[in-house]
Amino acid sequence: MSTAPEPRPREPKPAMVFDDPLDQQSSDDTDRGWGERPSGDSAADLKRFLDEKPPHHI
């Protein structure tokens, strides 16, 4: 007769969170990051402008 292998311990399942998502602050709730660009030189700005320009605007 064969014996059944011993069961391996199961990993716990992730718990469901029932918190209200509207109670948490989102990144849009802060003034940080609204239109600010990292400081750089004008050559980098021109390169970025030319790289992001659509082909029909050349």
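**One helix and its surface contacts**

Of the 58 residues in the chain, 0% are buried. This is a predicted model, and a good place to begin reading it is the overall make-up of the chain. The secondary structure amounts to 1 helix and 0 strands. The accessible surface of the chain is about 6800 Å², and carbon and sulfur atoms account for 55% of that area.

Helix α1 covers residues 42–52, and it is worth a slow walk along its side chains. F49 has its place in this helix. Is F49 exposed or partly exposed? With a relative accessibility of 48%, F49 counts as partly exposed, because the exposed class begins only over 50%. F49 also belongs to a nonpolar patch on the surface, which it forms with L46 and L50. Together, these three residues offer about 310 Å² of accessible area.

Charged side chains come next. Side chains of opposite charge can pair when their charged atoms come close. How many salt bridges does the model contain? The count comes to 2, and each can be followed residue by residue.

One salt bridge joins D51 and K47, whose closest N and O atoms are 2.9 Å apart. Both partners sit in helix α1, with a spacing of 4 residues, or about one turn of the helix. D51 and K47 are both exposed.

The other pairing links R48 with E52, and here the closest N and O atoms lie 3.3 Å apart. Why are R48 and E52 separated by about one helical turn? The reason is their spacing in the chain: R48 and E52 are 4 residues apart in helix α1. The two partners can also be described by their accessibility. R48 has a relative accessibility of 35%, so it counts as partly exposed. E52, in turn, has a relative accessible area of 54% and is therefore exposed; the cut-off that matters for both residues is 50%, since exposed means over that value.

Taken together, helix α1 holds F49 of the nonpolar patch, the pair D51 and K47, and the pair R48 and E52. A helpful exercise is to find each of these residues in the structure above.

Terms used: Residues are numbered from 1 along each chain as its sequence is written. This is a predicted model: local features need pLDDT of at least 70, side-chain atom pairs count only at pLDDT 80 or more; totals for chains, interfaces and linings use all residues. Side-chain values use heavy atoms; hydrogens and water are left out. Patches are made of residues with over 30% relative accessible area and no salt bridge: like charges are joined within 9 Å, nonpolar side chains (Val, Leu, Ile, Met, Phe, Trp, Tyr) within 5 Å. Accessible areas come from the Shrake-Rupley method with a 1.4 Å probe; for residues, only the protein chains shown count as cover. A salt bridge is a side-chain nitrogen of Lys or Arg within 4 Å of a carboxyl oxygen of Asp or Glu. Helices (H or I, at least four residues) and strands (E, at least two) are DSSP runs, numbered from the N terminus. Buried means under 20% relative accessible area, exposed over 50%, partly exposed in between (1.4 Å probe, protein chains only).
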